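Here is a structure to read by its definitions. Each term below is tested against a value.

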Amino acid sequence: MTKFAYLFERFPSFGQTFCYREVAELAQQGVRPPVFAIRKPKDEPPQDWDEGIVQRVHYLPEEKELLDDVRRASKKGKLTGEVIAALDEWGRRPDFLRLHQAVYVGLRLQEMEIGHVHAHFAGMATRTAFWIQRFFRISFSFTAHANDIFAPRNFEIGLNKLVDTSRLIVTETDYAAKFLRERFPERAERIHRIYNGLNLSRFRRADFSSTPPLIIAIGRLIPKKGFADLIHACRLLLERGKLFRCEILGEGPLQRELHGQIDQFDLLKWVEMPGAKPQHEIRERLAAAGVFVLPSVIDPDGGMDNLPTVIMEAMATGLPVISTAIGGIPEMVIQNETGILVPPRDIDAFADAIEKVIVDLSFARRLGENGHKRACDRFSIERNVRTLLTLLDAARGE
């Protein structure tokens with residue numbers, strides 16, 4: 001089996017539970033690659049991470065210590081002339097720390113006799129992996145997610161160079177795989193879809209017993225999640241005389257604005273924003289709900305959801321899902337089978353869909369049961385991680 005290491009921008013992170021689950025499942029399967037993280041997560045809500053996994057993470061030093069470490073390595077003759085020349089030529093240009101981080105990680109990978117590194121997101125970690133490959137001939141691969149491919153930032157080592165030099169590009173939906181293959185046809189054979197996965201046994205099934213019905217939404221409070229549309233839809237439901245409660249779990253830059261909207265619409269008794277919660281509490285709130293709603297939209301810069309993990313979690317719980325046909329969401333939410341898809345920003349349609357589900361309990365249960373079956377079929381973490389290992393083995397053998 002391939003010896004490889006992980007490289008993350010930050011790990012473990014509340015906003016990237018899919019990365020943690022992947023590493024945790026690998027450990028369950030007896031595979032424990034070294035884990036490097038460029039940054040240590042800060043100011044995040046407490047989570048129930050496995051301490052054994054957290055203690056395995058090697059966090060890179062901050063800038064001064066990092067530069068000192070690279071200088072010491074150079075003085076000891078550990079760096080080739082090519083590496084030294086590249087560091088000198090790049091100087092303090094934007095993203096210069098990626099080169100130094102590559103030296104730091106690459107030297108340690110050499111000592112471990114590890115010949116491949118896998119990163120998540122076509123961002124900071126993968127750009128560092130690019131330089132590891134350039135400096136140490138250690139191959140790399142990466143998993144692409146959402147904004148990192150749909151609305152990538154402009155760096156000299158951009159998405160085109162990452163795709164061109166990576167041995168393997170994994171992405172989490174057929175939609176994203178098609179997007180990348182059409183953009184990079186010469187690398188199409190290296191692009192593979194692997195859905196994110198869940199340990200499905202950890203999710204208790206919803207019993208639809210909440211009175212009044214509980215509408216639940218989960219995600220970062222950012223524009224592309226569309227939570228303002230959900231709040232507006234709740235106002236319409238109240239005007240129609242429907243009984244409900246709504247919880248929006250998460251934190252982010254729109255928190256004050258969304259609170260203001262709830263107050264403006266006189267919804268304080270019906271819509272709550274209790275903040276971000278650890279995973280075990282999220283599972284509990286999902287099981288207590290009657291419907292999950294994620295009104296995703298496309299940002300003006302093209303940023304959008306691809307495969308929101310929270311939809312998988314809702315399906316694993318057996319909840320009907322109401323969302324929009326954006327990115328890979330239709331690969332999870334099948335119209336009138338596992339949920340309801342409505343046009344983005346169509347407030348009336350959202351209110352209609354929610355009303356239909358909370359009024360017709362048999363319909364809600366049928367959607368939820370179908371969603372649970374689909375989650376079991378497509379989102380098993382055990383099966384999907386085995387697929388990843390097979391692809392990593394093949395990529396390393398090129």
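Q: What makes a residue exposed, and what makes it buried?
A: Exposed means over 50% relative accessible area, and buried means under 20%. The model these terms are applied to is predicted.

Q: Why is Asp 43 called exposed?
A: Its relative accessibility is 78%. The cut-off is over 50%. Asp 43 therefore counts as exposed. Asp 43 sits in the loop between S2 and H2.

Q: What makes the phi of Asp 43 worth a remark?
A: Phi is near 55 degrees, a positive value in a residue other than glycine. Most residues other than glycine have a negative phi.

Q: Why is Lys 40 called exposed?
A: Lys 40 has a relative accessible area of 54%. The threshold is over 50%, so Lys 40 is exposed. Lys 40 lies in the loop between strand S2 (35-39) and helix H2 (51-54). Along the sequence, Lys 40 and Arg 10 are 30 residues apart. In space their C-alpha atoms are 5.6 Å apart.

Q: Is Phe 208 buried or exposed, and how do you know?
A: The relative accessible area of Phe 208 is 12%. Buried means under 20%, so Phe 208 is buried. Phe 208 is in the loop between S7 and S8. Its phi is positive, near 60 degrees, and the residue is not glycine.

Q: How do you know which peptide bonds are cis?
A: Omega gives the reading. The bond joining Phe 11 and Pro 12 is cis, with omega about -15 degrees. Pro 12 is in the loop between S1 and H1. The bond from Thr 211 to Pro 212 is cis too, with omega near -5 degrees. Pro 212 is in the loop between S7 and S8. Most peptide bonds are trans.

Q: Why are Cys 234 and Cys 246 not called a disulfide?
A: The sulfur of Cys 246 is the nearest cysteine sulfur to that of Cys 234, at 4.0 Å. A disulfide needs the sulfur atoms within 2.5 Å. Cys 234 is therefore in no disulfide, and Cys 246 is in none either. The structure holds zero disulfides.

Q: Are these two cysteines buried or exposed?
A: Cys 234 has 0% relative accessibility, so Cys 234 counts as buried. Cys 246 has 1%, so Cys 246 counts as buried. The limit is under 20%.

Q: What makes a set of residues a nonpolar core, and what is the largest one here?
A: The members must be buried residues of the nonpolar kinds, joined through side-chain atoms within 4.5 Å. The largest core has 66 residues. Among those with the most contacts inside it are Ile 215, Ile 248 and Phe 292. Helix H14 (residues 347-359) gives the largest share, eight residues. A second, separate core has 54 residues, including Leu 87 and Phe 150.

Q: Which residues does Ile 248 touch?
A: Leaving out residues up to four places away in sequence, its contacts include Ala 217, Phe 227, Val 271 and Pro 274.

Q: What makes S10 and S13 edge strands?
A: Each pairs on one side only. The open sheet has six strands in the order S10-S9-S8-S11-S12-S13, with parallel pairing. Neighbouring strands are turned by 20 degrees against each other on average, direction ignored.

Q: How do you know that S9 and S10 pair?
A: Pairing needs at least two bridges. Three bridges join strand S9 (residues 245-249) to S10, so the two strands pair. Glu 247 stands opposite Glu 272 in S10.

Q: How do you know that S2 and S3 pair?
A: Three bridges join S2 to S3, and at least two are needed. Val 35 has Val 57 in S3 as its bridge partner. The open sheet that holds them has seven strands in the order S3-S2-S1-S4-S5-S6-S7.

Q: How do you know that the length of helix H5 agrees with its residue count?
A: At 1.5 Å a residue, its 17 residues should span 24 Å. The end C-alpha atoms are 25 Å apart, which agrees.

Q: What makes H5 mostly covered?
A: Of its 17 residues, 14 are buried. Glu 113 follows H5 and has a positive phi, near 60 degrees.

How values were computed
Residues numbered from 1 in each chain as written. Predicted model: local features only at pLDDT ≥ 70, side-chain atom pairs only at ≥ 80, totals over all residues. Heavy atoms only, no water. Buried < 20%, exposed > 50% of the residue type's maximum accessible area, 1.4 Å probe, protein only. Helix = DSSP H or I, 4+ residues; strand = E, 2+ residues; numbered from the N terminus. Contact = heavy atoms within 4.5 Å. Axes fitted to C-alpha atoms, helices over the stretch in contact; angles between N-to-C directions. Expected span 1.5 Å × (residues − 1).
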